Amino acid sequence: MTYDGSLARQLDQYSVENARESMVAYEGGGLDARARAGVSATFIPRAVLLLVIVFALCCIGAARVALTSGTVAILQRNEQLTSQISDIRTLNSDLQIERSLFSGSDRIGRIATQNLGMVHANEVELLQLG
């Protein structure tokens, strides 16, 4: 026996009332309710968190690309400067060789005698002031 309020019902007899109560459909329960509910309350924060993480990774990637391209530009400029320094050192050594050739006393004496018609002095002249 079960009690409904203050009345006792008999369970050993089948009644139409029992059949109707057991066939009552409750809407909004089970899988159907979950399907109609849409997104859960935790979906939106998780989606926002995922978007923030993707955005942060994109920003980090962009910063890495910017640093890498800047580094490559600096290294290329460094290589150009190294090449220019090497060329200038080669030119400097060539100029030192030419200077030593042009400042030789034999060359100066030959130019003075052949081109300018100068002769070597036989005696030394002394000038006294005073």
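Student: Is T68 buried or exposed?
Tutor: Neither: T68 is partly exposed, at a relative accessible area of 48%. The cut-offs are under 20% for buried and over 50% for exposed, with partly exposed in between (1.4 Å probe, protein chains only).

Student: What sort of model is this?
Tutor: A predicted one, where local features need pLDDT of at least 70 and side-chain atom pairs count only at pLDDT 80 or more, while totals for chains, interfaces and linings use all residues. Residues are numbered from 1 along each chain as its sequence is written, and side-chain values use heavy atoms, leaving out hydrogens and water.

Student: OK, where does T68 sit?
Tutor: In helix α3, residues 43–102. Helices are DSSP runs of H or I, at least four residues, and strands are E runs of at least two, numbered from the N terminus.

Student: Which backbone oxygen is 2.8 Å from its side chain?
Tutor: That of R64, which lies 2.8 Å from a polar side-chain atom of T68.

Student: What's the order of elements along the chain?
Tutor: From the N terminus, β-β-α-α-α-α, so two strands and four helices.

Student: Which element has the lowest mean pLDDT?
Tutor: Helix α1 (residues 16–22), with a mean of 55, while α3 has the highest at 96. pLDDT is the predictor's per-residue confidence, from 0 to 100. The chain averages 83, and 72% of its residues score at least 70. Where pLDDT is low, the predicted coordinates should not be read in detail.

Student: Switching topic: how many disulfides?
Tutor: Zero; a disulfide here needs two cysteine sulfur atoms within 2.5 Å.

Student: Why no bond for C58?
Tutor: Because the closest cysteine sulfur, in C59, is 7.0 Å from that of C58, too far for a bond. C59 itself is partly exposed, with a relative accessible area of 40%.

Student: And how much of the chain is buried?
Tutor: Of the 130 residues, 2% count as buried. The accessible surface comes to about 12500 Å², with 62% of that belonging to carbon and sulfur atoms. The areas are Shrake-Rupley values with a 1.4 Å probe, and for residues only the protein chains shown count as cover.

Student: What about F43?
Tutor: F43 is in helix α3 too, and at 46% relative accessibility F43 counts as partly exposed.

Terms used:
A polar contact is a pair of N or O atoms within 3.5 Å; within protein, one must be able to donate a hydrogen and the other to accept it, and residues adjacent in sequence count only if both atoms are side-chain atoms.
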